[in-house]
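Colleague: I am new to reading models of this kind, and I would like to understand how each descriptive word is justified. Could we go through the words one at a time, setting each value beside its cut-off?

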Amino acid sequence: RQGGPAAALLARYRSRADPLKEVAFAYVRASALKPTFLQVNDLSQFGSLEDVEKAILGPRAQLLSREAQRVEFAERDTGTLAGKVKPPAKNYYLYEFLTPQGGVDMHVSLKVAASKGQLVVMLATVPAVGWADSQRDVDRSIDSFRLI
């Protein structure tokens, strides 16, 4: 989507039982956040954990934790003349923070990766008062986010 908008919401899922709980997927063109000469295909090309935090977390966010994760991919057979290939490892940055939203403190888990010049984000938002009840499910969902 190089010619598309600089940022877009790709999908949003809300809980029927509690509409304040949601999971969303979005992208933003990396060059819209930070001028780059090369297409960003991994977060390490965009910047450090702190650089990405400054670029995507709002000023009212109260950071609780941040973590860099590196995922190695297994070798796979392409079924073509290229034969077996081992995709390069991919870096993911994970942030947890509190942010006010409509008078309610929200606990947000956000995972971001880069591919084809875009930062792709998955975030899960839960009212902070209900975090203990939702943490296990949110953590499993966020952990499952992968770009292929």
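Modeller: What follows is a series of questions about the words used for this structure, which is a predicted model.

Colleague: Before the single residues, what is the order of helices and strands in the protein, counted from the N terminus?

Modeller: The protein has 4 helices and 8 strands, and from the N terminus on they follow the order β-β-α-α-α-β-β-β-β-β-β-α. The C-alpha atoms fill a box of roughly 55 × 30 × 25 Å along the principal axes, and buried residues account for 39% of the 148 residues.

Colleague: Why is phenylalanine 46 called buried?

Modeller: The word buried is kept for residues under 20% relative accessible area, and phenylalanine 46 has 2% relative accessibility, so it counts as buried. This residue belongs to helix 2, which covers residues 43-46. Apart from neighbours within four places in sequence, phenylalanine 46 is in contact with Ala30, Leu33, Lys34, Val40, Val52, Ala55 and Leu119.

Colleague: And why is glutamine 118 placed in the buried class?

Modeller: Glutamine 118 has 12% relative accessibility, which is under the 20% cut-off, and therefore it counts as buried. Glutamine 118 lies in strand 8, and its C-alpha atom is 6.3 Å from that of tyrosine 27, although the two residues are 91 places apart along the chain. Between phenylalanine 46 and glutamine 118 the C-alpha distance is 9.9 Å, with 72 residues of separation in sequence.

Colleague: What makes tyrosine 13 an exposed residue?

Modeller: Exposed means over 50% relative accessible area, and tyrosine 13 has 52%, so the word applies. Tyrosine 13 is part of strand 1, and, leaving aside neighbours within four places in sequence, it is in contact with Lys21, Glu22, Val23 and Phe25. Its C-alpha atom is separated by 6.2 Å from that of alanine 24, which is 11 residues away along the chain.

Colleague: Why does valine 85 get the label partly exposed?

Modeller: Partly exposed is the class between the 20% and 50% cut-offs, and because valine 85 has a relative accessible area of 29%, it falls in that class. Valine 85 is found in strand 5, residues 84-85, and it touches Ala74, Glu75, Arg76 and Thr78 when residues up to four places away are not counted. Valine 40, by comparison, is 45 residues from valine 85 in sequence and 21 Å from it in space, C-alpha to C-alpha.

Colleague: Is lysine 116 buried or exposed, and why?

Modeller: Lysine 116 has 59% relative accessibility, which is over 50%, and so it counts as exposed. Lysine 116 sits in the loop between strand 7 and strand 8, and it has a positive phi of about 50 degrees although it is not a glycine. Lysine 116 is also one of the residues that line the second largest pocket, which include Phe73, Arg76 and Ile148. That pocket holds about 240 Å³ of space, and its lining has 6 nonpolar, 1 polar and 3 charged residues.

Colleague: What is the volume of the largest pocket, and which residues are closest to its centre?

Modeller: The largest pocket has a volume of about 290 Å³, and of the 19 residues that line it, Ile56, Leu57, Phe97, Leu110 and Leu123 are the closest to its centre. The lining divides into 14 nonpolar, 4 polar and 1 charged. Strands 1, 2, 6, 7 and 8 each supply at least two of its residues.

Colleague: How do you know that the length of helix 4 is close to what is expected?

Modeller: Helix 4, residues 131-144, has 14 residues and reaches 19 Å from its first C-alpha to its last, which is close to the 20 Å expected at 1.5 Å a residue. There is nevertheless a kink of about 30 degrees in helix 4, centred on aspartate 137.

Colleague: Which residues of helix 4 are buried, and what covers them?

Modeller: The buried residues of helix 4 are Trp131, Ser134, Val138 and Ile142, and what covers them includes strand 6, strand 7 and strand 8.

Notes. Residues numbered from 1 in each chain as written. Predicted model: local features only at pLDDT ≥ 70, side-chain atom pairs only at ≥ 80, totals over all residues. Heavy atoms only, no water. 1 Å grid on protein atoms, 1.4 Å probe; cavity = no way out; pocket = protein on both sides within 12 Å on 5 of 7 lines; lining within 4 Å. Points joined across faces, edges and corners; volume = space filled by probe spheres on them. Nonpolar A, V, L, I, M, F, W, Y, C, P; charged D, E, K, R; others polar. Expected span 1.5 Å × (residues − 1). Bend = angle between axes of the 7 residues up to and from the residue. Buried < 20%, exposed > 50% of the residue type's maximum accessible area, 1.4 Å probe, protein only. Contact = heavy atoms within 4.5 Å.
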